[in-house]
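Biologist: Before we discuss empty space inside a protein, could you show me the model, and then let me ask how each term is justified?

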Amino acid sequence: MSRDPIPENLEWLGSAVEALGVSRRLWRTREGEARDVESFPSRRAVERDLELLFAALYPRRLGGLRGGSDEDAFVGSKLRTALSGFEGQLAAEFGYWAKEARAEFDPDQAASLVRLFAASLGQVRRQVDSDIEAAFLSDPAARSVDEVLICYPGAIACLHHRLAHEFYNLGAPMVARMISEIANERTGIDIHPGATIGAGFFIDHGTGVVIGETAVVGERVRLYQHVTLGAPSAPGELGSARRYIRHPTVEDDVVIYAGATILGPVTIGARSVIGGNVWLLSDVPPDSVVVQPEARQLERRDGHALRDILAEAD
């Protein structure tokens, strides 16, 4: 059912427009006029070009290519369109930062970085393949590597992160962050594009996993849902004052079970196991097992209040 448009002479509509104008001017007074939103990268365009990259990386499984077609020609076509789009988004981001810094950026910079990004795609594909293989070997419920790539939220998040991390390292944090937030919306897994993650990374189930910007994760690491590799709150330190190493380092072959929270620049030694719901603020030596106290079963007796039974157990 269609609705009639709101009449233009309504006083309350004018009041809303005026209030929004006041809010904009207050914000711009606080933040300054340096930022130029006309050169802001488009998240919608990034998402579109990202799908083309996925098709180029996995032409048959994610690109829909079928037998009898020229696979290299298909990949080249998808890649050409995707990289052209990303070049435009990088130029928009660099223009944004240049406007803020009141400086100029080299017009060829976006094209140069796109070429460097393209050169990394073979390695990205190998990293994602190792993540998929790790999931397939670790999860008995997985029936094929194709199922892992297409259906597993951990594999989907890793695919996004491997690409976002390359853009982040090339100096495009905004485009990189858009890619990581697209993954977050799709999977519930929040990996900052600055996080460094080794090969064979497996996030099982995945919902609620958070990995911070300066986290370093070794090879063949496995995380379960609701794991946080985060930083402790630092009241009074804002913005760039907090951009130092502040997240955990997780060495090779570590397993971290559901709900564990590890905060700060601590190191979890190789081959360690961190149990569910553990709260960690200090280093863990290699080959350690860290768990919560074991749950106890208490006898429920007729006529006794639960609080009395718990008091006796203490």
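Modeller: This is a predicted model, and a good place to begin is α7, which gives 3 residues, the largest share, to the lining of the largest cavity.

Biologist: What makes this space a cavity rather than a pocket?

Modeller: A cavity is a set of points where a 1.4 Å probe fits but cannot get out, whereas a pocket is an open set. The search of the whole structure finds 1 cavity of 30 Å³ or more, and about 40 Å³ of space lies in the largest cavity.

Biologist: Which residues line the largest cavity, and how do you know that they belong to the lining?

Modeller: The lining is made by D131, A135, V148, Y152, G154, A155, C158, F201, F202 and I203; they are counted because lining residues have an atom within 4 Å of a point of the cavity. Two or more residues each come from α5 (121-138), α7 (153-169) and β3 (202-203).

Biologist: Why is G154 called polar when the lining is divided into classes?

Modeller: The lining of the largest cavity divides into 8 nonpolar, 1 polar and 1 charged residue. Gly counts among the polar residues and Asp among the charged, so G154 is the polar one and D131 the charged one.

Biologist: What makes a residue buried, and what share of the protein is buried?

Modeller: Buried means under 20% relative accessible area, and such residues make up 41% of the 314 residues in the protein. The protein exposes about 18000 Å², of which carbon and sulfur atoms supply 52%.

Definitions and conventions. Residues numbered from 1 in each chain as written. Predicted model: local features only at pLDDT ≥ 70, side-chain atom pairs only at ≥ 80, totals over all residues. Heavy atoms only, no water. 1 Å grid on protein atoms, 1.4 Å probe; cavity = no way out; pocket = protein on both sides within 12 Å on 5 of 7 lines; lining within 4 Å. Points joined across faces, edges and corners; volume = space filled by probe spheres on them. Helix = DSSP H or I, 4+ residues; strand = E, 2+ residues; numbered from the N terminus. Buried < 20%, exposed > 50% of the residue type's maximum accessible area, 1.4 Å probe, protein only. Areas by Shrake-Rupley, 256 points an atom, 1.4 Å probe, with all protein chains shown as cover.
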